[in-house]
Amino acid sequence: MADTRILILGGGIAGLSTAWSLGRLGRGADVVLIDREPELGLHSSGRNAQILRSVGGDETCRRLTQRSAVFLREPPEGFAPGPLVDGRGLILAAAGDGAEALRRDVAAARPETDARELSRTELGERFPPYRGSAEAAFLFPAEGRIDGGALVDGFARGARAAGVTIRTGTEASELLVEAGRVAGARL
């Protein structure tokens, strides 16, 4: 690793997707990804809600989530055995100022989203335990839970196939800085 050109610290979704992307660009042999844990994707990547939600945020965030949704629904050949989203649907509901914000977010995401507004009756039928006072509710039928394990596995497998070195159980104890730039890391 003494001559590694690109060192990625952390084997979660962000680190693995970066390594995978660099591999696809032909830079795999230049990349080493290390993670201090014995397995990849254990911390934030393994503990978040793993829900595809493609509305909300500013325009840049919307474009990014919509592109991610396409990737998750139709991963590249060989990445995963099938879609990475279960497509069970997602319901978002809000009241007060949040209701108007939700309506604006859905309008801004059109035509990329197939969201459908739900009446209070439909909301109650689709989600009987809900007892809130939603003023706006939308069903996103193609969204749902992401298979985080398959996503981590696909990125890791693809990165390795492209020549990326992945080492678990390896921690960077110090970044080495020369002339104001990171020149290396002490492992």
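The legends below describe several close-up views of a predicted model.

Residues are numbered from 1 along each chain as its sequence is written. In this predicted model, local features need pLDDT of at least 70, side-chain atom pairs count only at pLDDT 80 or more, and totals for chains, interfaces and linings use all residues, while side-chain values use heavy atoms, with hydrogens and water left out.

**View 1. The whole chain has six helices and eight strands.** Helices (H or I, at least four residues) and strands (E, at least two) are DSSP runs numbered from the N terminus. Along the sequence their pattern is β-α-β-α-α-β-α-β-α-β-α-β-β-β. The C-alpha atoms fill a box of roughly 65 × 40 × 30 Å along the principal axes. The radius of gyration of the chain is 20 Å, whereas a compact globule of 187 residues would have one near 16 Å. That radius is taken over C-alpha atoms, and the globule rule is 2.2 Å times the number of residues to the power 0.38. Of the 187 residues, 36% are buried; buried means under 20% relative accessible area, exposed over 50%, and partly exposed in between (1.4 Å probe, protein chains only). Contact means heavy atoms within 4.5 Å. Among contacts between residues at least 6 apart in sequence, 68% join residues at least 24 apart.

**View 2. Strands 1, 2 and 6 form an open sheet with parallel pairing.** The strand order is 1-2-6. Two strands count as paired if DSSP finds at least two bridges between them. Strand 1 (6-9) and strand 6 (165-168) are at the edges, each with a single partner strand, so one side of each has no neighbour in the sheet. From one strand to the next, the twist averages 15°. Strand 1 pairs with strand 2 (residues 31-35) in the parallel sense over four bridges. In this pair, leucine 7 has valine 32 of strand 2 as its bridge partner.

**View 3. Strands 3, 5 and 4 form an open antiparallel sheet.** The order across this sheet of three strands is 3-5-4. Strand 3 (90-94) and strand 4 (116-117) are the edge strands, each pairing on one side only. Helix 4 (residues 97-109) packs on the sheet and touches strand 3, strand 4 and strand 5; the direction of helix 4 makes about 35° with that of strand 5. Angles run from 0 to 180 degrees between N-to-C directions, and axes are lines fitted to C-alpha atoms, for helices over the stretch in contact. Strand 3 and strand 5 pair over five antiparallel bridges, and leucine 92 stands opposite phenylalanine 138 in strand 5. Strand 4 and strand 5 (residues 136-140) pair over two antiparallel bridges; here the bridge partner of glutamate 117 is phenylalanine 138. Side chains alternate along strand 3: Leu90, Leu92 and Ala94 point to one face and are buried, while Ile91 and Ala93 point to the other and are not.

**View 4. Helix 1 packs against helix 6.** Helix 1 (residues 13-24) and helix 6 (residues 148-161) meet at an angle of about 35°, and their axes are 8 Å apart. The crossing is left-handed, a term used if the near helix is turned anticlockwise from the far one by less than a right angle (right-handed if clockwise). From helix 1, Ile13, Leu16, Ser17, Ala19 and Trp20 take part in the contact, and from helix 6 Leu151, Val152, Gly154, Phe155, Ala156, Gly158 and Ala159. By class, this contact has nine nonpolar, three polar and no charged residues. Ala, Val, Leu, Ile, Met, Phe, Trp, Tyr, Cys and Pro count as nonpolar, Asp, Glu, Lys and Arg as charged, and the others, Gly among them, as polar.

**View 5. Strand 7 and strand 8 form a hairpin with two residues between the strands.** Strand 7 (residues 174-178) pairs with strand 8 (residues 181-186) in the antiparallel sense over five bridges. Leucine 175 has alanine 185 in strand 8 as its bridge partner. In the loop between strand 7 and strand 8 lies alanine 179, with a positive phi near 50°. Alanine 179 is exposed, with a relative accessible area of 85%.

**View 6. Two loops hold backbone features at glutamine 50 and proline 111.** Most residues other than glycine have a negative phi, and most peptide bonds are trans. Glutamine 50 has a positive phi near 55° and is placed in the loop between helix 2 (44-47) and helix 3 (59-73). A cis peptide bond, with omega about 10°, joins arginine 110 and proline 111. Proline 111 is in the loop between helix 4 and strand 4.
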